[in-house]
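Reader: I am new to reading structures, and one covered stretch of helix caught my eye. Please take a close look at it with me, and then show me what surrounds it.

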Amino acid sequence: MSNANFTFDGKKYTGVSGESLASALLRNGVVHFTNSSYKDRPRGLMGLWVEEPNALVNIDSGPGEPMKASTTIELVDGLVVRSSQGVGDLPDTRDNSRYDKVNRHVDVLVVGAGTAGLTAAKKFAALGKDVIVMDDQPGPGGHARHLGTEISAELLAVLDLANVTYLPRTTVQGLYDQGYLVATERRTDHLDAKVHTEVSRIRTWHIRADHTVLATGAFQRHLVFANNDRPGIMLSHSAATYVTRGANPFKTAVVVTIDNQGYRDALRLHEAGVTVAAVIDIRDAASGPAIAAVNSAGIRVITGKTALDSAASDSGQVCCLTIAKADGTQSETIDADLVAISGGWTPIVHLATFIGIKPTWDPALAAFVVKRDDKLTSTAGMLAGDFGDDNEAAVFFGPQLTTEQAEVAFVDYQRDATVRDFNRAIGAGMRSIEHVKRYTSIGTAHDQGKTSGTTTMGLIGQALGKAPDEIGSLTFRPPYISIPFAALAGRDRGLLSDPIRTTPIHAWHEKAGAPMEDVGQWKRPWFFPKNSENMHAAVLRECAAVREDVGVMDASTLGKIDLQGKDVGEFLDLIYTNMFSTLKVGMSRYGLMCGVDGMVFDDGVTTRISENHWLMTTTTGGAAKVLDWLEEWLQTEWTDLEVFCTSVTEQISTVAIVGPKSRELMSRLAPDLDVSNEAFAFMENKYADVAGVPARIARISFSGELAYEINVPGSFGLHIWEKVMSQGADLNITPYGTESMHVLRAEKGFVIVGQETDGTQTPQDLDMDWIVSKKKEDFIGKRSFARVDTSREGRHQLVGILPDDGSFVIPEGAYLVAGSDEKTPPPVAHIGYVTSSYASAALGRSFALALVANGLARKGEKIAVPMAGRVVTGIITDSVFVDKENARRDG
Amino acid sequence: MLHIPCPYCGPRDETEFHYGAEAHIAYPENPQSLDDAQWAKFVFIKANPKGWLAERWVHSAGCRRWFNVWRNTITHEFGPSYKPFTQQPKSPV
């Protein structure tokens, strides 16, 4: 054993390397650790492990960590901590530690390396199963480890078997359906107080186990009496363990118990040199080996009594204990600087309740236990109610208290919640644990009720004359203890936090200084600033270039689905609202798809490449969803149709050249191609060599302008783009991004699914009745258009809005009210909201698209937009602002 | 996270799948002949029993195929899974 120097609240101490920080502080005589968070009462150490409610610290050395139980910190040289008065503060430096994830499938996962867990591991290992044993403590042994009793070498040997993996310092944080669990393994904090970059600090395990054995053990709980929170009042099992290991600042102890465990701990205190003034047992009579041993050690035993109140010395540490009968009638006061409480065992039921198992109350053990043995899950040890041979207990949580006593009798130390708070909840009529918990905040602090849960249920039961399990059930939620977010993220931080999709032209956009917009996982150039232009100026310039000269846009992100088979046409007739089967080879058509509820779902252009080969485009964000949708109908309804769907989004690069000068540019790029309107009409597709690359060129327009979309194999995208830029230099070729694309399409009244729609718009609501086939017998959504609700008055319909002040761009999402009378007294009913809103170069003013109740019949009416502090007025218009006659698309 | 038995690939994590609600609700033969109530029943009304339910799932991030499977809505336990248009296994007890 080596010494370790550490700093606590600015003072230097020396402890034993590897012991817990709590133990080292106790060894140095620190009994008063901190004050409570709400009532500022002196508090000391209570527990032994993660159940500790008081002795929390913030770690400043190494990577740092807020609010950690000092009982769980292994002492290393150079550790620097501050006591935390119920408040944590995050280190303000970036954590450069490495974090990792592991995925494993395993036959059997054993949680807990105590006697019960090791016994189970041995059984399954002998059957040839692949076994993982996880335990959150630094070594195996569970309670035996704390009791100092030797766990048999034969049992420990199971951990060395080839088919057994033992993971110490590994906390199972969550248990989920079908044997899935998440655990965090602490790998470096116990080595030294440094930031480690060569090995991960915490490794998060994702395990799928065919069978999980829960052998999680138990915590001891406290008793509820007046001033039960003073430094020096501890759980008896914890106190005895610390002093046995030499961390002993105490002289005289009183043990207060409801079970035989208190006697065992009294003996351990006695053997470690603490004078045990008395064992106070609420039971009138008790028997067993531990009691006999206490009697023969000559320790005074007082039966039928319990703790009622305590007093403190000047230091705040407990100095004496007043004892009483359960009804609160006082009997005597005993001097002690350690009050060791054995309030019964609380099995660690957390993981079991995570998967919906309800613990059952065992009155003989005064404990909630979980007995389970099915295919997926079994329980063992204390969790299953196996408390050993000498463990009789009384069901008792605390004596009758006066109002004054109840005010200082603590149920939940971290929340400073008292019996008085609790009585108020009961007095206000609350009966369920869930209500009491929310009213009093009991069980909601850092320890999540590890020590207070059973006590709370017991007290409610005691107050209402019911058994604790009649009050409700203990329900815990993951994580079992707090986890740094970095541990859950693992290496998926920064650039790796989510996949990033870029087109083959992306590098060019970046070099041009275009800020990127996230569209799903895609990065799309937002606008291309010249010099130090802001977005507003750049977009006006880009839009003007498209309407007057020629612009170029990277449209490669559009979802693309290759459809092949003899029945594609028939299938598309069912999927789209309009007709596709009549589409001629080489032609493209815009289509709208709806759900069976008739609501617009996605849109895009589909091209007939050859008789039985089609190419569908979808919205950038909708590609995966549409592919699932197509497969759903093909596989589950229209299985007789021969259609094969393949995602080809990344296989094709699309460069769109847009604007009146695009024809000139196209003829330069493909000199062999006849680009005249007669030879190459709107919605036609042609094949030609473009800059040496075989390309499919489509006359498709999302701006209303003459436009050509050049489609080439993905990797040629950048080559084509660069050719477009150089060949178009004297035509004012202008790259534009998603923002200008949005403005240009909005000026034409073209909708964006997901911007003009939110899943509650029919094509008719969008003023797109023209795209709904009247000839087709059926298609998905058709029947719903005739439903009472979809054909009713008052539906929100797509219209345009022109603000009276043309220099003002109404914020998207703004609510609209009827009329322009600013004096209409509230409440004023809103009639719709703005979906898109921009400044337009073509119009020389601002405009918007909006969904307005009965909007199509309201064109010409005035509206008002209530803004913070003022009202903006405007007029409802048609949704098409530019080129209503579609004169520009042919150049 | 559920462990879902794909009849083509075997058991896989839930994150690979998408949910498709109650199974064995066929698209009506002639939707236009249904009245509003009958059509609404097809579009909106799905069984939500406490216990076993035959559901549709699609293995989107795997074989991309739709299938049916029995699932217990209380325990989240899975019963047998089966391919579309095959004999439905009996509800587990």
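Author: Let's start with a term: a residue is buried if 20 or more other C-beta atoms, placed from the backbone, lie within 10 Å of its own, exposed if 12 or fewer, and partly exposed in between. This is a predicted model, where local features need pLDDT of at least 70, side-chain atom pairs count only at pLDDT 80 or more, and totals for chains, interfaces and linings use all residues. Residues are numbered from 1 along each chain as its sequence is written, while chains are lettered from A and ligands numbered from 1 in the order in which they are written.

Now to your helix. Helix H5 of chain A runs over residues 236-244, and eight of its nine residues are buried, so "mostly covered" is a fair description. (Helices, H or I with at least four residues, and strands, E with at least two, are DSSP runs numbered from the N terminus.) Reading along H5(A), the buried residues are A:Ser236, A:His237, A:Ser238, A:Ala239, A:Ala240, A:Thr241, A:Tyr242 and A:Val243. Just after H5(A) comes A:Gly246, with a positive phi of about 95 degrees.

For contrast, try A:Glu722, which belongs to helix H19 (residues 717-727) of chain A. A:Glu722 has 14 other C-beta atoms within 10 Å, which is why it counts as partly exposed. From A:Glu722 to A:His506 is 216 residues in sequence but 12 Å in space, C-alpha to C-alpha.

Next, step back to chain A as a whole. Chain A has 21 helices and 47 strands, and 50% of its 891 residues count as buried. Along the principal axes, its C-alpha trace spans about 115 × 70 × 55 Å. Among contacts in chain A with a separation of 6 or more (C-beta atoms, placed from the backbone, within 7 Å), 66% join residues 24 or more positions apart.

Where do the buried nonpolar residues gather? The largest nonpolar core (buried Ala, Val, Leu, Ile, Met, Phe, Trp, Tyr and Cys joined through C-beta atoms within 7 Å) has 140 residues, and A:Val110, A:Ala121, A:Ala253, A:Val339 and A:Ala340 touch the most other members. Helix H2 (residues 115-126) of chain A gives the most to this core, six residues. Beyond its neighbours within four places in sequence, A:Val110 is in contact with A:Gly117, A:Ala120, A:Ala121, A:Val131, A:Val133, A:Val213 and A:Ala215. A second, separate core holds 95 residues, including A:Leu563, A:Phe601, A:Met741 and A:Ala864.

The domain assignment (automatic or from a database) divides chain A further; among its domains are domain 2 (98-220 + 344-394 + 476-493), domain 3 (222-343) and domain 4 (397-466). The centres of domain 2 and domain 4 of chain A, taken over C-alpha atoms, are 29 Å apart. Five residues of domain 2 of chain A are in contact with five of domain 4 of chain A.

Finally, meet the partner. Chain B touches chain A through 21 of its residues, which are in contact with 20 residues of chain A. Strand E3 (18-22), helix H1 (36-44) and strand E4 (52-58) of chain B each supply at least two residues of that side, and the largest share, three residues, comes from H1(B). For chain B the mean pLDDT (the predictor's confidence in each residue, from 0 to 100) is 95, and 100% of its residues reach 70 or more. For the complex, the predictor gives an ipTM of 0.96 and a pTM of 0.89.

Note on methods
Two residues are in contact if their C-beta atoms, placed from the backbone, lie within 7 Å.
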